[in-house]
Structure formats: C-alpha cells, structure tokens
Amino acid sequence: ARAAAAAAPITPGALADGTPVPILANLGDPSGAAEAIALGAEGVGLFRTEFLFLSSNEAPSVASQAASYQELLAAFPGKKVVVRALDAGADKPLPFLTDADEENPALGRRGLRSLRHRENVLRDQLTALTQADASTDADLWVMAPMVATVEETEYFTALAKELGLKTAGVMVEIPSSAIMATDILGVADFASIGTNDLVQYTMAADRMLGSVAHLQSPWHPAVLRLIKMVAEGGKNTGKPIGVCGEAAADPLLAVVLVGLGVTTLSMSAAAMTDVRAELSQHTAASAQRMAEAALAATDAESATAAARAAA
Ligand code: PEP
Ligand code: MG
C-alpha cells in the first residue's frame, strides 16, 4: 500500500471547475529539483542563479554555469523552466558586482541595472543558458530581475534573443513596470510578478526590516491593484503572467491571484501541496468574486477577511 501511495500521480494544479493553474517550483540550486518533482512541480517558475556567484570573487565561467543549467534543465524534460538572470545588489550583494557605497542599495544599481553596467557578466550567463538549452529538452524561458522600464525590457529581450534564447521576459517587482505592464508585455514574451520586492517598493517598506513588517503584506489592496494591472496587461497582449514571490505560497491568496487573472503560480516546493488543495476548492467565478472583494478593501487585514467571506 505504501508503494501504491508513493506512486500515485499528483494531479496538475487546477480550480474546481477544471481551469488549469500550473504549479511551478521556486529553486535556488539544481539539487532541489528532485524534491520539487516528487511534490508535483509542473516545471520551474523561478530559478534563482545567485548561488553560482556567491561563493567566488568573480563571475563563474560560461562552462561551469552551463553545467549547472544543464543539470537543472535535464531534470525537467518537456517542462517549462524559467531561469532568472543574476539578481545582485540590495538584499543580495556581490562583492565584484555591487557598489558598496550606495546609501540606498534597494534603490541603487541592482538586478538588471548591475548586469547592464557589466554586460559581459550578462552575456556570459545568457550564452551558458543557450548552451545548456541546446543539449536538453526542457522549455527554457529566461527573465530579467528588477526591470523598471519598457526600454530595459527591450534591452534584455533583444540581447537574450541575439544570444539564441527563444523566450524572454521580465520580472514585475517595481510599481512602474506594473503600471506600464501592457507596454512592457508588448515587448516581453511573459511577465513574472515578484511580490517580495513589489510589496517593498509599493509600501516603501524595506523587506529586511522588522520595524516596518506591519506594512509588508502582499494582501494590501495597493499591491493587489498593481497585480491586477499586470494581469490585464497579460490579457491585452495574450501573454502569460506568473507570480513567483512568497504571495503565491499563501493558499487563500493564491486563489485571489488567479481571480485577478494570474495564469501560473510558482513557490517553494514545500508550499505546493497546500496551494493545490486550496485551488481545487474554488471555481474561476468564485476566485474572481474573492479577488473583487479583496481589491475593494482598504487594508491587508480586511482584504483577507473579505476574500475569505466571499469564498
Ligand atoms: C520577489 O522579489 O518576489 C522575488 C521572487 O525575487 P527575490 O525574492 O529573489 O528578490
Ligand atoms: Mg525580487
């Protein structure tokens, strides 16, 4: 019986009415792939690449990066794998890439800004990804962190395509890109909402600072309204919209995100089972009602209560 239970397939993420909601994993290292697959990951929605860069004083070679990306992609044949370009700076400082003398590193040269400043690091990373892609069967998507403008979107997607990658998108984690989502999605193939930073920048509350923790909820209607703008940008352009921040790991909020129009959810492997179970309890119509109730609230607590009451 134990063997039968272990072998029972985990059904893909879906609402009660059958609407598919792919459940993808956030990974910080290829070694997490096996656990994510065992827990039913339908692919990878966020592969953070910082681990490759943290242990050394310079960027890793193309060959060593390609080996890690290949290990990851080989674990997900036929599945979508979204790899994020290096996100250095602010909460992820890197000695060889980050300016140490910034007064406000979260508002400084971080994410795509730091890669653009040292474009050879970005070119090497994208080249390594193209090489790994050529020798595996996963559906590789690449995305840039901390994108603020349409022009940055054009820069990143053009470079990714020049270097041989087929699908290139951006993270939406700055309010400017949520507001400009339709324009950004006119250029990018997809967007993935990073709610950890989107909350930080919307509420002007440092994600590392306990004294402002009361402002850091992704349930805040200001954040939900921005997410809705991104989802509408996705509808306007026919492009997929994921969420890969911590918000997707909160089962009730996951339903609200789908109700707002988000098409895929990515989270730590440990959260996938509970999120999948909650999604299966709600229809698309109910998720939309929950989203509308949360959007109409004036603070995070009442948004949560309103979504629960509408469920
Ligand atoms: C986010 O900001 O929500 C995100 C997924 O990226 P990170 O947590 O790595 O900044
Ligand atoms: Mg982020």
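This report walks through the barrel, the core, the ligand shell and a few single residues of the model above.

A word on the ground rules: this is a predicted model, where local features need pLDDT of at least 70, side-chain atom pairs count only at pLDDT 80 or more, and totals for chains, interfaces and linings use all residues. Residues are numbered from 1 along each chain as its sequence is written, while chains are lettered from A and ligands numbered from 1 in the order in which they are written.

**The barrel**

Which order do the strands follow around the barrel? There are 8 strands, closing up as 1-2-3-4-5-6-7-8 with parallel pairing. From one strand to the next, the twist averages 30 degrees. Helix 13 (residues 272–279) packs on the sheet, where it touches strand 1 (23–27) and strand 8 (264–267), and its direction makes about 160 degrees with that of strand 1. Some terms you'll need here: strands (E, at least two residues) and helices (H or I, at least four) are DSSP runs numbered from the N terminus, and two strands pair if DSSP finds at least two bridges between them. Angles run from 0 to 180 degrees between N-to-C directions, with axes fitted as lines to C-alpha atoms, for helices over the stretch in contact. As background, strands of a sheet pair through backbone hydrogen bonds, either parallel or antiparallel.

Here are some of the neighbouring strand pairs, each with a residue pair that sits across the bridge.

| Strand pair | Sense and bridges | Example partners |
|---|---|---|
| Strand 1 and strand 2 | parallel, 3 bridges | N26 and L46 |
| Strand 2 (residues 43–47) and strand 3 (residues 80–84) | parallel, 3 bridges | G43 and K80 |
| Strand 3 and strand 4 | parallel, 5 bridges | V82 and W141 |
| Strand 4 and strand 5 (residues 167–172) | parallel, 4 bridges | W141 and T167 |

W141 turns up in two rows: its partner is V82 on one side and T167 in strand 5 on the other.

How covered are these strands? "Buried" means that 20 or more other C-beta atoms lie within 10 Å of a residue's own, "exposed" means 12 or fewer, and "partly exposed" is in between, with C-beta atoms placed from the backbone. Strand 2 is mostly covered, with 5 of its 5 residues buried. Strand 4 (residues 139–144) has 5 of its 6 residues buried, so the rest of the structure largely encloses it.

**The nonpolar core**

A nonpolar core here is a set of buried Ala, Val, Leu, Ile, Met, Phe, Trp, Tyr and Cys residues joined through C-beta atoms within 7 Å. The largest one has 104 residues, and V81, V142, A191, L257 and L265 have the most contacts inside it. Helix 12 (residues 251–260) supplies the largest share of this core, 7 residues.

Take V142 as a sample. Leaving out residues up to four places away in sequence, V142 touches V83, A85, L126, L129, A160, L165 and A168. Contact means that two C-beta atoms, placed from the backbone, lie within 7 Å.

**Around ligand 1**

Which residues surround ligand 1? The shell is made of L46, R48, D87, E173, G194, T195, N196, D197, C244 and G245. By class, that gives 2 nonpolar, 4 polar and 4 charged residues. In this scheme Ala, Val, Leu, Ile, Met, Phe, Trp, Tyr, Cys and Pro count as nonpolar, Asp, Glu, Lys and Arg as charged, and the others, Gly among them, as polar. Helix 10 (residues 195–203) gives the most to the shell, with 3 residues. L46 is also the residue that stands opposite N26 in the barrel.

**Single residues worth a look**

Most residues other than glycine have a negative phi. A90 has a positive one, near 55 degrees, and M146 has another, near 60 degrees. A90 lies in the loop between strand 3 and helix 5 (112–117), and counts as buried because 23 other C-beta atoms lie within 10 Å. M146 is in the loop between strand 4 and helix 7; M146 is buried too, with 26 C-beta neighbours inside 10 Å.

E152 is in helix 7 (residues 150–162). Is E152 buried or exposed? Buried, because 21 other C-beta atoms lie within 10 Å. Not counting residues up to four places away in sequence, E152 touches L112 and V147. E152 and V170 are 18 residues apart in sequence and 9.2 Å apart in space, C-alpha to C-alpha.

H214 sits in the loop between helix 10 and helix 11 (221–237). With 10 C-beta neighbours inside 10 Å, H214 is exposed. H214 and A300 are 86 residues apart in sequence, yet 9.6 Å apart in space, C-alpha to C-alpha.

Key
Near = placed C-beta within 6 Å.
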